[in-house]
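Trainee: Please take a close look at one part of this model for me, starting from a single side chain and working outward to the helices and rings.

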Amino acid sequence: MACFVVPTAEAIVTTIAKKHIDKKSGESSEIKNPFVKRMGWLNNMLWGGSALLAFEHIWHGEIVPVFPFLTNAMTPVGAVDMLREMATSGVAMAALVTAVWAGIVMITNSIEKKPVEVKNAFRG
């Protein structure tokens, strides 16, 4: 139905936030916060997932080229079901993507902070 709308809305917000942060920090300064530094990854994950979900909904005829574009939004009962799905499935998907991204950022940050061990090939 419209579960992809919530991750799409989050993608819009994070894209605007990233543009604002990039403009504010400028290209000369280094961003220290690993989550801000890797926000592009979150944007890519959200936009990609939202695009795939939208394509799937178009494929199944749930999105149509006439207003209101979502077939469930055409009736009051369908609109209630659509909003319920957005509140449950959409929020859960957006939260899961964000949690996975946060985990990836934390793992990447811990790997980057570890010193590189160089073994001498001749010592065995």
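Mentor: This is a predicted model, and the place to start is a polar contact: the side chain of His57 meets the side chain of Glu62 at 2.3 Å. His57 itself belongs to helix H3, which covers residues 39-59. With a relative accessible area of 4%, His57 is buried, because the cut-off for that class is under 20%. If neighbours within four places in sequence are set aside, the residues in contact with His57 are Met1, Cys3, Phe4, Glu62 and Ile63. Glu62 therefore appears both in that set of contacts and as the polar partner of the His57 side chain.

Helix H3 also carries an aromatic pair, so the rings come next. The count of aromatic pairs in the model is three. One of them joins Phe35 and Trp101, with ring centres 5.7 Å apart and planes at 65°; an angle over 60 degrees counts as edge-to-face, so this pair is edge-to-face. Phe35 sits in helix H2 (residues 34-37), while Trp101 sits in helix H4 (residues 76-113), so the pair ties together parts that are 66 residues apart in sequence. The two partners fall in separate accessibility classes: Phe35 is partly exposed at 31%, whereas Trp101 is buried at 8%.

The pair in helix H3 is made by Phe55 and Trp59, and it is tilted, with 5.8 Å from centre to centre and 45° between the planes. Phe55 and Trp59 are four residues apart in H3, so about one helical turn separates them. Trp59 is exposed, its relative accessible area being 66% and the cut-off being over 50%. In H3, then, His57 is buried at 4%, while Trp59 is exposed at 66%.

Helix H4, which holds Trp101, also packs against another helix. The axes of H4 and H1 (residues 5-25) come within 7 Å and cross at roughly 45°. An angle between 35 and 65 degrees is neither roughly parallel nor roughly perpendicular, so H1 is oblique to H4. On the H1 side the contact is made by Val5, Val6, Pro7 and Glu10, and on the H4 side by Met86, Gly90, Val91, Met93, Ala94 and Thr98. Sorted by type, the residues of this contact comprise seven nonpolar, two polar and one charged. The charged one is Glu10 of H1, because Glu counts as charged.

Technical notes. Residues numbered from 1 in each chain as written. Predicted model: local features only at pLDDT ≥ 70, side-chain atom pairs only at ≥ 80, totals over all residues. Heavy atoms only, no water. Helix = DSSP H or I, 4+ residues; strand = E, 2+ residues; numbered from the N terminus. Buried < 20%, exposed > 50% of the residue type's maximum accessible area, 1.4 Å probe, protein only. Polar contact = N/O pair within 3.5 Å; in protein donor to acceptor, adjacent residues only side chain to side chain. Contact = heavy atoms within 4.5 Å. Phe/Tyr/Trp six-rings, centres within 6.5 Å; stacked < 30°, edge-to-face > 60°. Axes fitted to C-alpha atoms, helices over the stretch in contact; angles between N-to-C directions. Parallel < 35°, antiparallel > 145°, perpendicular 65-115°, else oblique.
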